[in-house]
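You asked for a quick tour before you start clicking around. Here are my notes, in the order I would go through them.

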Amino acid sequence: MNDLKHSKPPIRELLVLNFTNHDFQGERELKQFNWLCIQADSFDCALQYLNSNQIKIAIAIISNSPTQKILHAINQLNDHQNGLVWIAITEETHPLDNKLTACLSRYFVDYHHQPVDWKRLNHTLGHAYGMAVLKKSLHSNLQSKNHGNGLLGNSQLIKQLKTNLSKVADSDESVLISGETGTGKGLCAHLIHSQSRRETGPFITINCGALPQSLIHSELFGHEKGAFTGADKQYIGHIERANKGTLFLDEIGDLSLESQVNLLQFLEEHIIERLGGSRNIPIDCRIIFASHVNLEAAVEEGRFREDLYYRINILHLHAPSLREHKEDIPLLASEYLELFNPESRKYTLSPKALDTMLAYEWPGNVRELKNRIHRAIIMANSEQLNAADLGIKITHIQPDVNDVVDLAQHRVEIDTELLLDAIKRNNHNISAAARELKISRTTFYRLIKKCKIKL
Ligand SMILES: Nc1ncnc2c1ncn2[C@@H]1O[C@H](COP(=O)(O)OP(=O)(O)OP(=O)(O)O)[C@@H](O)[C@H]1O
Ligand SMILES: [Mg+2]
């Protein structure tokens, strides 16, 4: 008797990252246990998939002696996706070499040898999945412990944002969220989904700025086997995966004009056709857009289609910059101090540190505040954090009344410092530097140009 038939679990997504030169053959084998293998053939591709937020476990297929590059990639993906649980598949090897043993014990909950016993692997994956769900709920409990409905702040601007967000969540219309980097646009998108009737459906994120132009169409709409050279299997695109849920198109201002035409057509009809396919597939999803660039200005400059702008700008939420609600800084600071506090220690801010925070312009907004507190807790010598621990340099704490503070110039100076630091820390690897600053490569290059940095 086939006991699988009696207790078939729901389809669960599984990231497969192949670091060897051999093809992974397990897609069909694992499908019978209801695992949907999402195969990533590059680090960037894996990041894109993880952005969809559905994936909780990952398989790494590694050779006998993992390189620094592999370890670095796994580390980075872990940073990106809290609670991701890894299982390794190694080439048959007895005994294991030292490097491999160290790698397996550090990053993986279990490992399997080639040739794989798929039934045994299914059991491992089931356990790993359960652990990942536990970890995730622990993480979100920690996050939500002090974080109410997720958006922190008692200022008028944040209260208004929360009210508008609840209203928007009740409707099924498209929403455009604007705001500078780090102001919580992604967070708002998640909240809209989790407060909407689509809460139990998928939440799929596409970072339009991070997708390579050549792949964007098939990433969005999917493709059939043989649609183009290299399309050796069918691929379900992000839009199709968002069926019955929410599709979050982040950095929509970075989408090329060509892709904007295709997107507009989808928004009108809610039907897609996979590349190389001939079937119309209706998609039922709610769409949320976010942009840190001013889309009206982009329309005027001819970089964004006017008809698309009006189509997506039906409901509009604006996430204010932290400069506009500085009264929330003490509350945000104390929440993050508690969130990052290692157990049994109690970090506080010195009065001077708080003054400095209130005087600072926060170009990276709440994300920057969160990161600075996190870093200060790790690096500080005492439990009272001072301004130096936060690494904030104030050039105009009390501007002379006769001084004209040129905010635009001041921001260029701050951006220049942040960019140069990130470039240096990442040995001139632009993709890594952009990832560290949590901005797309396109945005990174735009800022480099704005700040006149020579690479
Ligand atoms: N008002 C807020 N309350 C609580 N957390 C916030 C708030 N605003 C931002 N954050 C936190 O700051 C970080 C950055 O937020 P998020 O990624 O949503 O910003 P973003 O506007 O999407 O930035 P980007 O344009 O760079 O993508 C996240 O950890 C988020 O939880
Ligand atoms: Mg974002």
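**Notes on helix 2, the ligand site and a few odd spots**

1. Start with helix 2, where the buried residues are Cys-45, Ala-46, Leu-47, Gln-48, Tyr-49 and Leu-50. The helix runs over residues 43-50 and is mostly covered, with six of its eight residues buried. Do keep in mind while looking that this is a predicted model.

2. Helix 2 turns up again at the second largest pocket. Which elements give two or more residues to the lining there? They are strand 1 (12-18), helix 2, helix 3 (68-80) and helix 18 (430-436). Helix 3 supplies the largest share, five residues.

3. Staying with that pocket, the second largest one holds about 450 Å³ of space. Its lining counts 19 residues, and those nearest the centre are Phe-19, Phe-43, Lys-69, Ile-70 and Ala-73. By class, the lining splits into seven nonpolar, eight polar and four charged residues. If you wonder how such spaces are found, rolling a probe the size of a water molecule over the atoms shows where empty space is left.

4. Now move over to ligand 1. There are 16 residues around ligand 1, and the ones that come nearest are Leu-152, Thr-181, Gly-182, Lys-185 and Lys-370. Sorted by class, this shell has five nonpolar, six polar and five charged residues.

5. What does Lys-370 do beyond sitting in that shell? A polar side-chain atom of Lys-370 is 2.7 Å from an oxygen atom of ligand 1. The backbone joins in too: a backbone N or O atom of Leu-187 lies 2.9 Å from an oxygen atom of ligand 1, and a polar backbone atom of Gly-184 is 3.1 Å from an oxygen atom of the ligand. Taken on its own, ligand 1 has 630 Å² of accessible area, and the protein covers 87% of that. Two elements give two or more residues to the shell, namely helix 7 (185-194) and helix 15 (365-379).

6. Two loop residues deserve a look for their backbone angles. Lys-244 has a positive phi of about 70° although it is not a glycine, and Glu-251 likewise has a positive phi, of about 55°, without being a glycine. Lys-244 sits in the loop between helix 9 (238-241) and strand 8 (246-250). Glu-251 belongs to the loop between strand 8 and helix 10 (257-269).

7. Are these two buried or exposed? Lys-244 has a relative accessible area of 52%, so it counts as exposed, the cut-off being over 50%. Glu-251 has a relative accessible area of 11%, so it counts as buried, which requires under 20%.

8. Another backbone feature is at Pro-115: the peptide bond from Gln-114 to Pro-115 is cis, with omega near -10°. You will find Pro-115 in the loop between strand 5 (110-113) and helix 5 (118-145).

9. Last stop, Leu-337. This residue lies in helix 13 (residues 329-340), and its relative accessible area of 8% makes Leu-337 buried. How far apart are Leu-337 and Thr-348 in space? The C-alpha to C-alpha distance is 7.1 Å, and the two are eleven residues apart in sequence.

Conventions:
Residues are numbered from 1 along each chain as its sequence is written. Chains are lettered from A and ligands numbered from 1 in the order in which they are written. This is a predicted model: local features need pLDDT of at least 70, side-chain atom pairs count only at pLDDT 80 or more; totals for chains, interfaces and linings use all residues. Side-chain values use heavy atoms; hydrogens and water are left out. A residue is near a molecule or strand if one of its heavy atoms lies within 4 Å of it. A polar contact is a pair of N or O atoms within 3.5 Å; within protein, one must be able to donate a hydrogen and the other to accept it, and residues adjacent in sequence count only if both atoms are side-chain atoms. Accessible areas come from the Shrake-Rupley method with a 1.4 Å probe; for residues, only the protein chains shown count as cover. Helices (H or I, at least four residues) and strands (E, at least two) are DSSP runs, numbered from the N terminus. Ala, Val, Leu, Ile, Met, Phe, Trp, Tyr, Cys and Pro count as nonpolar, Asp, Glu, Lys and Arg as charged, and the others, Gly among them, as polar. Buried means under 20% relative accessible area, exposed over 50%, partly exposed in between (1.4 Å probe, protein chains only). On a 1 Å grid over the protein atoms alone, a cavity is a set of points where a 1.4 Å probe fits but cannot get out, and a pocket is an open set with protein on both sides within 12 Å along at least five of seven lines; lining residues have an atom within 4 Å of a point. Grid points are joined across faces, edges and corners, and a volume is the space filled by probe spheres set on the points.
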